[in-house]
Every structure is written in C-alpha cells, then in structure tokens.
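I opened a new page for this protein. My plan is to start with the whole chain and then look up single residues.

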Amino acid sequence: MSMPVTEMTLLMLLVLATGMIAAALTRWLSRPGNPLALLDTPNERSLHQIPTPRTGGLAICVSLFIAWTCTAVLRGHDFLPLNILFGVLVIAVIAVLDDRHDLSARLRLLVQLCAASLLIFD
C-alpha cells in the first residue's frame with residue numbers, strides 16, 4: 001500500500017536534491033583542472049596555508065536557483081519573479097568578479113545593496 005506524496009514530502013526531497021546538486025557542483029568547480037576553478041592564494045590576512053578554491057558560492061547559487069524554480073512549479077506558479085532572479089544574478093556576478101579581481105568592500109556592498117533593493121519592487 002503506497003501513501004500519497006504530499007507537498008511537504010516533495011519539498012523535503014527538493015531540499016535533499018538541492019544539497020546533492022550543490023555538493024556535486026562544488027566538487028566539480030573545485031577541481032584544479034577546471035577552467036572555472038579560481039584559487040585563493042594565502043596572504044598575511046588569510047586563515048588558510050595552501051591555495052583554496054573560491055568558486056563554491058557559484059555552486060550554491062546554481063543549486064538554489066534550481067530549487068527555487070522547482071518550488072515555484074510545485075506551488076503552481078506560472079511565473080518566476082524576475083526581480084529575484086536578477087538580484088541573485090547580480091550577487092553572483094559581483095562575487096565572481098571579486099574572486100577574479102579583488103574588488104573593494106565598498107563596491108561590493110553598494111552592488112549587494114542595489115541587488116537587495118530589487119526584492120522590494122515587484
């Protein structure tokens with residue numbers, strides 16, 4: 001006898017799948033031969049002693065976007081709020097640019113505040 005799959009069960013499976021996607025993408029993005037792999041070389045302010053991959057956040061953004069899209073579909077939404085998508089994209093782009101070019105904290109904060117303000121507008 002099988003039990004009906006509830007929305008809560010689907011959401012719990014989605015959380016599990018999101019974690020697995022994030023872990024797999026992080027592992028793939030952290031491989032030294034990967035062209036997207038960026039390494040953070042230690043300096044006097046670093047907490048690590050060896051070069052450390054910096055692209056794990058990209059894996060988190062991608063997996064959360066997949067989960068967000070699936071949740072919208074499961075809940076019957078026929079649209080995805082573009083302000084949220086654009087805000088996440090802006091945050092991801094500024095993070096990648098910072099990983100590549102060490103942007104100033106003020107510039108990052110300004111861009112992040114602008115992206116967060118997108119959530120106010122529908």
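Entry 1, surface. I need one term first: accessible areas come from the Shrake-Rupley method with a 1.4 Å probe. With that in hand, I looked up the total for the protein, and about 9,200 Å² is exposed. Carbon and sulfur atoms supply 71% of that area. I note here that this is a predicted model.

Entry 2, overall build. I listed the elements next. The protein has four helices and two strands. Read from the N terminus, their order is α-β-β-α-α-α. How does the radius of gyration of the protein stand against the globule rule? I found 18 Å, well over the 14 Å that the rule gives for 122 residues, so the protein is more spread out than a compact globule. I also looked up the box. Along the principal axes, the C-alpha atoms fill roughly 60 × 40 × 25 Å.

Entry 3, burial and contacts. I wanted to know what share of the protein counts as buried. The figure is 16% of the 122 residues. The cut-off for buried is under 20% relative accessible area. Then I turned to contacts between residues at least 6 apart in sequence. Of these, 51% join residues at least 24 apart.

Entry 4, charges. I looked up 8 positive and 8 negative charges. Their mean positions lie 7 Å apart.

Entry 5, cysteines. How many disulfides does the structure hold? I found zero. Cys114 is in no disulfide, and the nearest cysteine sulfur belongs to Cys61, 17 Å away. A disulfide needs the two sulfur atoms within 2.5 Å. I checked how open each cysteine is. Cys61 has 22% relative accessibility and counts as partly exposed. Cys114 has 45% and also counts as partly exposed.

Entry 6, helix α3. I picked two residues here. Asp98 sits in helix α3, which covers residues 82-101. Is Asp98 buried or exposed? Its relative accessibility is 13%, so Asp98 counts as buried. I then listed its contacts, leaving out neighbours within four places in sequence. Asp98 is in contact with Arg54, Leu103 and Arg108.

Ile94 is in helix α3 too. At 8% relative accessibility, Ile94 counts as buried. Which residues does Ile94 touch, not counting those up to four places away in sequence? I wrote down Leu103, Arg108 and Val111. Leu103 and Arg108 thus appear in the list for Asp98 and in the list for Ile94. I checked one distance as well. Ile94 and Val111 are 17 residues apart in sequence, and their C-alpha atoms are 7.4 Å apart in space.

Entry 7, the loop after α3. Asp102 is in the loop between α3 and α4, with α4 spanning 105-117. I looked up its backbone angle. Asp102 has a positive phi of about 50°, although Asp102 is not a glycine. Its relative accessible area is 57%, so Asp102 is exposed. The cut-off for exposed is over 50%.

Entry 8, helix α2. I chose Thr69, which lies in helix α2, residues 56-74. Thr69 counts as partly exposed, at 24% relative accessibility. How far apart are the C-alpha atoms of Thr69 and Leu85? I found 9.9 Å, for two residues 16 apart along the chain.

Entry 9, helix α4. My last residue is Ser117, which lies in helix α4. Ser117 has 28% relative accessibility and counts as partly exposed. I paired Ser117 with Leu11, 106 residues apart along the chain. Their C-alpha atoms are separated by 28 Å.

Definitions and conventions. Residues numbered from 1 in each chain as written. Predicted model: local features only at pLDDT ≥ 70, side-chain atom pairs only at ≥ 80, totals over all residues. Heavy atoms only, no water. Rg over C-alpha atoms; globule rule 2.2 N^0.38 Å. Buried < 20%, exposed > 50% of the residue type's maximum accessible area, 1.4 Å probe, protein only. Contact = heavy atoms within 4.5 Å. Lys, Arg positive; Asp, Glu negative; His and termini not counted. Charge placed at Lys NZ, Arg CZ, Asp CG, Glu CD.
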